[in-house]
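This report covers the fold, the helices, the nonpolar core and the aromatic contacts of one protein chain. The sequence and the structure come first.

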Amino acid sequence: MIEEGSKSSKSMVEKRQLFMEMRAQNFDVIRLSTYRTACKLRFVQKRCNLHLVDVWNMIEAFRDNGLSTLDHNAEINVSRLETILSSIFYQLNKRLPTTHQINVEQSIGLLLNFIVATYDSEGHGKLTVFAMKAMLATMCGGKILDKLRYIFSQISDSNGVMVYAKFDQFLREVLKLPTAVFEGPSFGYTEHSVRTCFPQQKKILLNTFLDVLMADPPPQYLVWLPLMHRLANVENVFHPVECSYCRSESMMGFRYRCQQCHGYQLCQSCFWRGHASGPHSNQHQMKEHSSWKSPAKKLSHAISKSLGCMPIGEPPHPVFPEAAERPQDLAHTTSTLESPSRLDEEHRLIARYAARLAAEASNSTQCPGNNQSIPEASSNTLVMFIMP
C-alpha cells in the first residue's frame with residue numbers, strides 16, 4: 001500500500017514537472033496560435049525523447065507488442081501502455097552510442113503521464129489502441145511523409161481507399177494534442193472537421209490524402225503538424241542576416257522577410273512576438289525562410305534552372321502506387337515475414353521504405369550534357385506566406 005502511494009505521488013510530480021518546464025519556456029508570448037502549438041508540442045517531443053524514435057521504429061514496436069492484430073477500438077490499460085513505452089525506449093538506448101544514452105525511466109514517466117493526461121483525463125485507466133497509435137505516430141521522430149503514409153494505412157480499407165469514419169476518429173484523437181498543451185480553442189475537433197479537410201473529394205486514395213495534408217497551407221485543423229516538423233529542421237539553421245528590429249547580426253531558426261518593406265527582415269523571436277519598427281506593420285505579408293542562400297548560390301541556382309538542369313514545379317511529395325504491392329515484392333526485405341495472406345499494411349510500408357532507400361542510393365539526377373550530378377532540393381527550403 002505504501003509502495004502504491006509512493007508510485008502515485010511520483011507520477012503526479014512527473015506530470016506536473018513536464019507542464020511546469022513547458023510554461024517556463026514562455027511560449028505563450030508567441031502571438032500566433034499555430035506557432036505556439038507547434039513549439040509546445042515540439043518541446044514535449046524533445047523532453048520525452050520521442051524525437052529520437054523514428055516512425056519506422058515505432059511501427060516495429062507496435063508489431064512487437066502485438067498491437068497490429070488488435071482492433072482499433074480495443075482498450076489497453078496504463079500498465080500495458082507503460083510496458084510498450086518501456087520497450088520503445090530500451091530499444092532506443094540499444095541503438096544509441098554509449099555517450100548519448102537517455103534516462104529511460106524518466107522518459108517513460110514523462111511520456112506516460114502526458115499520454116494519460118491527454119487521453120484519459122477522466123481517470124478510467126484505459127485508452128484505445130488507435131488513440132495510442134495516433135499519438136505516438138504523430139509525436140515521434142521521422143519524416144512527415146512517412147508518418148502520414150502510416151496513418152493512411154490505419155484509416156483506409158483493403159482497397160486503399162480512406163474510410164471517412166476512421167479519418168474522423170483520427171482527427172478526434174490527434175486534436176487532443178493541442179488541447180493537452182492548452183491550445184484547444186484554436187484547433188478543437190468539430191463534427192465538420194472531416195469535410196473541412198476534404199470538402200469535395202469522395203474517394204480519397206493515398207496520393208490525394210498526402211496532397212491535402214501536405215499542401216501549403218494544410219487544413220486549418222492540422223496546420224501545426226507540418227510546422228512542428230519544420231521547426232525541427234531549422235533549429236540549428238544559421239542566417240548571416242541582421243534582424244531589422246532587435247539588430248541581432250545573425251539569426252537561428254526561421255527568418256521572415258516582409259513582402260512590402262524592401263530589405264526588412266525579422267528573426268524568429270521578433271516575428272513570433274509581433275515586433276515591428278519603422279514603416280513596417282504586423283499587417284504586412286511575411287515570407288518564412290528556413291534556409292539561407294548567398295547571392296552566389298542564388299545566381300548558380302538561377303543559371304541551372306535556366307539551363308533546364310533543375311526540375312520545375314515538383315510535386316510536394318513522391319507519387320506512390322495506389323494499389324498495394326504484390327506479396328512477392330516483399331520477399332527480399334526479410335526472411336522472417338509471415339505468409340503473404342497475413343501481411344498487413346505495416347509490412348508493406350516497411351518494404352516500400354527499404355525499396356525507396358535502395359533506389360535513392362543508386363540513382364542521381366544529372367544535367368543534360370554534364371557529368372556532374374545536381375543535388376536534389378533540400379527538405380528545409382520550404383517557404384510559406386503568413387498573414388496575421
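## Burial, core and ring contacts

Of the 388 residues of the protein chain, 45% count as buried. The model is a predicted one. Its secondary structure amounts to 16 helices and eight strands. Among contacts with a separation of 6 or more, 67% are between residues 24 or more positions apart. The exposed area of the chain is about 20400 Å², of which carbon and sulfur atoms supply 52%.

**Two helices**

Helix α4 covers residues 78-95. With 18 residues at 1.5 Å a residue it should span 26 Å, and its end C-alpha atoms are 26 Å apart, so the two values agree. Its buried residues are Leu 81, Ile 84, Leu 85, Ser 86, Ile 88, Phe 89, Leu 92 and Asn 93. These buried residues pack against helices α3 (55-64), α5 (104-119) and α6 (129-139), and against strands β1 (75-77) and β2 (126-128).

Helix α7, residues 144-155, has twelve residues and reaches 16 Å between its first and last C-alpha, close to the 16 Å expected. Twelve of its twelve residues are buried, so α7 is largely enclosed by the rest of the structure. The buried set includes charged residues, namely Asp 146, Lys 147 and Arg 149, along with Ile 144 and Ile 155.

Ile 144 is also a contact of Pro 226, as is Pro 218, when neighbours within four places in sequence are left aside. Pro 226 lies in helix α13 (residues 224-234). Its relative accessibility is 16%, which is under the 20% cut-off, so Pro 226 counts as buried. Leu 213 is 13 residues from Pro 226 in sequence, and their C-alpha atoms are 8.6 Å apart.

**The nonpolar core**

The largest nonpolar core has 102 residues, and those with the most contacts inside it are Leu 136, Phe 167, Phe 198 and Phe 209. Helix α6 gives the largest share of this core, nine residues. Which residues does Phe 167 touch, not counting those up to four places away in sequence? They are Ile 155, Met 162, Val 194, Cys 197, Phe 198 and Phe 209.

**Aromatic pairs and charges over rings**

A pair of aromatic rings is described by the distance of the centres and the angle of the planes. The count comes to 15 aromatic pairs. Two of them are set out below.

| Pair | Centre distance | Plane angle | Class |
|---|---|---|---|
| Tyr 35 and Phe 254 | 6.5 Å | 85 degrees | edge-to-face |
| Phe 198 and Phe 209 | 6.3 Å | 20 degrees | stacked |

The Tyr 35 and Phe 254 pair links distant parts of the chain, 219 residues apart. Tyr 35 is in helix α2 (residues 33-47), and Phe 254 is in the loop between β4 (251-252) and β5 (255-258). Both Tyr 35 and Phe 254 are buried.

In the stacked pair, Phe 198 is in the loop between α11 (193-197) and α12 (206-213), while Phe 209 is in helix α12, eleven residues apart. Both Phe 198 and Phe 209 are buried.

Tyr 35 and Phe 254 also belong to one aromatic cluster with Tyr 256, Phe 271 and Trp 272. Over the ring of Phe 271 sits the charged end of Arg 31, 5.4 Å from the ring centre. Elsewhere, Arg 195 lies over the face of Tyr 164, at 4.5 Å from the ring centre.

Definitions and conventions: Residues numbered from 1 in each chain as written. Predicted model: local features only at pLDDT ≥ 70, side-chain atom pairs only at ≥ 80, totals over all residues. Heavy atoms only, no water. Helix = DSSP H or I, 4+ residues; strand = E, 2+ residues; numbered from the N terminus. Expected span 1.5 Å × (residues − 1). Buried < 20%, exposed > 50% of the residue type's maximum accessible area, 1.4 Å probe, protein only. Contact = heavy atoms within 4.5 Å. Core = buried A, V, L, I, M, F, W, Y, C linked by side-chain atoms within 4.5 Å. Areas by Shrake-Rupley, 256 points an atom, 1.4 Å probe, with all protein chains shown as cover. Phe/Tyr/Trp six-rings, centres within 6.5 Å; stacked < 30°, edge-to-face > 60°. Lys NZ or Arg CZ within 6 Å of the ring centre and 35° of its normal.
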